[in-house]
Amino acid sequence: MAEEAQQDRTEQATPKRREDARKKGDVPRSRELTMTGVMLSGAGAMLLLSDSIGSNLAGAFRSGFSIERALLLDESYLVPALAELGSQMLLSIAPLAVVLLCAVFFSAAAIGGWSFSLKAAAFKAERLNPIKGIKRVFGPNGLNELVKAIAKFSLVAIFAVSWLWYSADDLLSLGRQPVGQAIQDSLKLCGMSLLIVSLGLIVIAAFDVPFQLWQYEKKLRMTRQQVKDEYKDSEGRPEVKARIRALQQQAATRRMMEELPTADVVITNPTHFAVALKYDDTNMGAPRVIAKGKDLIAKRIREVAEEHGVPLFSAPPLARVLFRTAEIGDEIPARLYTAVAQVLAYIYQLNEAPRPGQRRPERPVPDIDEDDFPGPKRSG
């Protein structure tokens with residue numbers, strides 16, 4: 001079953017799967033690359049800083065082994081003297097320690113980047129399972145680590161023995177040199193030794209880094225079903241998206257109905273469509289749609305308008321054109337200025353207090369040709 005599941009992982013990992021793996025601390029790493037980086041950095045630091053570190057260490061040894069006669073019998077002298085000697089030696093090798101510490105962090109992040117996750121360090125009982133431990137030891141990864149260990153030991157041993165054979169005279173001559181010079185030369189020899197040994201590790205790392213990247217990509221591969229499920233989760237399942245759209249529509253309708261009482265007129269179909277317009281010559285360049293709807297929403301718009309005394313004006317062609325050419329919050333199209341102006345002028349005249357003998361204003365009939373306005377035609 002496991003082999004079949006592995007064979008089904010034919011799809012490349014998605015960005016979300018990679019991000020989830022990174023959050024868990026699962027990133028590609030190469031211990032061989034880290035070790036090589038630390039060894040090379042240490043070798044370079046020793047070769048460059050050997051003179052300063054050697055002189056500082058020689059001074060620390062000189063002061064540590066030089067004790068005044070009057071202080072020989074002073075019982076309180078030993079502890080402060082040792083503390084001072086230790087601090088001098090730590091300060092002497094501090095540059096080397098800083099270089100090695102930086103090399104550890106930068107080498108580890110060379111192929112996987114920076115990643116810190118508490119999940120990776122969390123306790124897992126399965127790690128204590130001896131059966132799974134045996135499977136890891138004798139599995140493909142365990143065999144790979146064994147091959148690398150043998151190759152690493154063989155290469156390092158060859159380079160180390162060759163270097164020791166070549167530098168045997170220099171090593172033996174250290175005992176005949178003054179202490180300060182001997183410390184400096186020994187640091188240089190250690191640096192060269194690390195550099196030579198690192199040559200073997202470079203060969204191992206050159207093979208291990210591509211292998212670790214390939215193995216990591218293989219582990220992250222997904223089945224087609226996993227890709228589909230992830231897409232559904234990221235984009236939203238259809239029923240969830242439908243519910244969200246419904247809630248958004250309800251919220252938009254509620255806001256629309258709250259603003260509807262401020263409308264100047266509601267143009268209707270008269271039953272299928274309703275569009276509420278508002279015009280303020282101080283803040284608006286043209287009348288603006290503050291509510292619109294069809295069927296049940298249109299009915300509710302008419303009811304709210306009647307409750308708050310907003311005039312209703314039946315003009316089917318104009319209502320249909322406004323419904324499909326203007327969204328809520330938009331100003332009406334320029335080609336409808338004349339028709340809407342006729343309606344608003346009629347409404348304003350009706351709202352004025354009639355004077356004695358004044359005739360009732362004649363109801364306008366907006367001249368609208370729906371064929372002049374592209375868009376789907378709506379019956380009703």
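Biologist: Before we start on helix 13, what does contact mean here?
Modeller: Contact means heavy atoms within 4.5 Å, and please keep in mind that this is a predicted model.

Biologist: Fine, so which elements do the buried residues of helix 13 pack against?
Modeller: The buried residues of helix 13 pack against strand 1 (265-268), strand 2 (273-278) and strand 3 (288-294), and also against helix 14 (337-351).

Biologist: And which residues of helix 13 are buried?
Modeller: Those are Leu318, Ala319, Arg320, Val321, Leu322, Phe323 and Arg324. Because seven of the 10 residues in helix 13, which covers residues 316-325, are buried, the helix is largely enclosed by the rest of the structure.

Biologist: Let's turn to strand 1, then: which way do its residues point?
Modeller: Val265 and Ile267 point one way from strand 1, while Val266 and Thr268 point the other way, and all of them are buried. As a general matter, side chains in a regular strand alternate between the two faces of the sheet.

Biologist: How do strand 1 and strand 2 pair, parallel or antiparallel?
Modeller: Strand 1 and strand 2 pair in the antiparallel sense over four bridges, and the two form a hairpin that has four residues between them. Within this pairing, Thr268 stands opposite Ala274 of strand 2.

Biologist: What about strand 4, what is the bridge partner of Thr268 there?
Modeller: In strand 4 the bridge partner of Thr268 is Ser314; strand 1 and strand 4 (residues 312-314) run parallel and are joined by three bridges.

Biologist: And how many bridges join strand 2 to strand 3?
Modeller: Six bridges join strand 2 to strand 3, and these strands run antiparallel. Ala274, for instance, has Gly293 as its bridge partner in strand 3. Strand 3 is itself mostly covered, with five of its seven residues buried.

Biologist: Where is Asp295 placed?
Modeller: Asp295 lies in the loop between strand 3 and helix 12 (296-307), and its phi is near 55°, which is a positive value in a residue other than glycine. For background, most residues other than glycine have a negative phi.

Biologist: Is Asp295 buried, exposed or in between, and why?
Modeller: Asp295 counts as partly exposed because its relative accessibility is 42%, whereas buried would require under 20% and exposed over 50%.

Biologist: Changing topic, how many disulfides does the structure hold?
Modeller: The structure holds zero disulfides.

Biologist: And why do Cys102 and Cys190 count as partly exposed?
Modeller: Cys102 counts as partly exposed because its relative accessibility is 38%, and Cys190 counts as partly exposed because its relative accessibility is 39%.

How values were computed
Residues are numbered from 1 along each chain as its sequence is written. This is a predicted model: local features need pLDDT of at least 70, side-chain atom pairs count only at pLDDT 80 or more; totals for chains, interfaces and linings use all residues. Side-chain values use heavy atoms; hydrogens and water are left out. Buried means under 20% relative accessible area, exposed over 50%, partly exposed in between (1.4 Å probe, protein chains only). Two strands pair if DSSP finds at least two bridges between them. A disulfide is a pair of cysteine sulfur atoms within 2.5 Å.
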